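Work through the exercises below with the sequence and the coordinates at hand. Try each task before reading its solution.

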Amino acid sequence: MKRLRKYLDAIDIEILRILSEDCRTTTKEIAKRLGVSVPVVRKRIKRLEASGVLEGCKAKVNSDSFNASTAIVSVKTDDPYTLYRVFEETLSGVEKFYYSDNRKTAYIVMKVLDLRDIDKVFKLVEEKGLGAGVDIITIDRVLKDSQWIPSQATVVNINYICAFCKAPIVGKPYIVEIHGKTLVFHNEKCAEAYFRMIRLG
Ligand SMILES: [Zn+2]
């Protein structure tokens, strides 16, 4: 499988900008604003979806309505994928999960309804031996929270999702060809865990 590369031009970027502001904007309206035809807009949107740049239309829910607090958790670990799975299975508020290879640290942005839930995070990491140096920062003020879109034409990577963890793959994927199907994983460990799961299921 080849790692495809595609080019985003000014029209693609404008389409992304319009849809990121309001994903219900019709293709007709987008075409009108950009001065291109409706089929052109349709074709562009299809291509943006196929290449993983456009990930669908999500409703924006304001978490302030629920009095939820935002916390940033950092955990030193060598195994971000296990940590990620445990967080996903145990806590409901995980919004973003980042990992720095350089610092061997995971940074997790999460929402908590009850600040005591934060103790659960400490306990979870400690009891399961998932990492060390857990630090939790609660966020009191948000000055900006928006999606970045490139301001000029740019080359894009096709994004792969791990068949086991369901998390995006950054860097080189581990590819398995089986029964004419192509499966993509983070690494050999994810692939082994996936086939173990399939056998048990
Ligand atoms: Zn994985």
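The exercises concern a predicted model and go from the whole chain to single residues.

**Exercise 1. The chain as a whole**

Task: Describe the protein chain by its secondary structure, extent, burial and domains.

Solution:
1. Count the elements: the protein chain has six helices and ten strands.
2. Take the extent along the principal axes: the C-alpha atoms fill a box of roughly 60 × 50 × 35 Å.
3. Of the 201 residues in the protein chain, 33% are buried.
4. Consider contacts with a separation of 6 or more: residues 24 or more positions apart account for 59% of them.
5. The domain assignment gives domain 1 (1–54), domain 2 (64–139) and domain 3 (159–201). Between domain 1 and domain 3, the C-alpha centres lie 29 Å apart.

**Exercise 2. The disulfide**

Task: How many disulfides does the count give, and which parts of the chain are joined by C23 and C57?

Solution:
1. With a cut-off of 2.5 Å between cysteine sulfur atoms, the count comes to one disulfide.
2. The pair is C23 and C57, with an S to S distance of 1.7 Å.
3. C23 sits in the loop between α1 (10–21) and α2 (27–34), and C57 in the loop between α3 (38–50) and β2 (69–76), so the disulfide ties together parts that are 34 residues apart in sequence.
4. The torsion about the S-S bond of C23 and C57 is about 55°, so the disulfide is right-handed.
5. C23 has a relative accessible area of 26%, which makes C23 partly exposed.

**Exercise 3. Helix α6**

Task: Check the length of helix α6 against its expected span, then find which residues of α6 are buried and which exposed residues lie on the face turned away from them.

Solution:
1. Helix α6 has 13 residues (188–200), which at 1.5 Å a residue should span 18 Å; the end C-alpha atoms are 18 Å apart, so the two values agree.
2. Apply the cut-off for burial, under 20% relative accessible area: C190, A191, A193 and Y194 are the buried residues of α6.
3. Looking down the axis of α6, the buried residues fall within an arc of 165°, so they line one face of the helix.
4. An α-helix has 3.6 residues a turn, so residues three or four places apart point the same way.
5. K189, R199 and L200 are exposed on the face of α6 turned away from the buried side.
6. The cover over the buried residues of α6 includes α4 (80–90), β9 (174–178) and β10 (181–185).
7. At the N-terminal end, α6 is capped by N187, with a side-chain oxygen 3.3 Å from the backbone nitrogen of K189.

**Exercise 4. H186 and C190**

Task: Where is H186 placed, and what do H186 and C190 touch beyond four places in sequence?

Solution:
1. H186 is placed in the loop between β10 and α6.
2. The relative accessible area of H186 is 9%, so H186 is buried.
3. Beyond four places in sequence, H186 is in contact with Y81, C162, C165, A167, P168, I169, K172 and Y174.
4. C190 is in helix α6, and at 3% relative accessibility C190 counts as buried.
5. With residues up to four places away left out, C190 touches Y81, C162, F164, C165 and F185.
6. Both contact lists contain Y81, C162 and C165. One of these, C165, counts as buried at 5% relative accessibility.
7. For a distance across the model, take C190 and G133: they are 57 residues apart in sequence, and their C-alpha atoms are 25 Å apart.

Note on methods
Residues are numbered from 1 along each chain as its sequence is written. This is a predicted model: local features need pLDDT of at least 70, side-chain atom pairs count only at pLDDT 80 or more; totals for chains, interfaces and linings use all residues. Side-chain values use heavy atoms; hydrogens and water are left out. Helices (H or I, at least four residues) and strands (E, at least two) are DSSP runs, numbered from the N terminus. The expected span of a helix is 1.5 Å times one less than its number of residues. Buried means under 20% relative accessible area, exposed over 50%, partly exposed in between (1.4 Å probe, protein chains only). The arc is that of the directions from the helix axis to the C-beta atoms. Contact means heavy atoms within 4.5 Å. A polar contact is a pair of N or O atoms within 3.5 Å; within protein, one must be able to donate a hydrogen and the other to accept it, and residues adjacent in sequence count only if both atoms are side-chain atoms. Domain bounds come from an automatic or database domain assignment.
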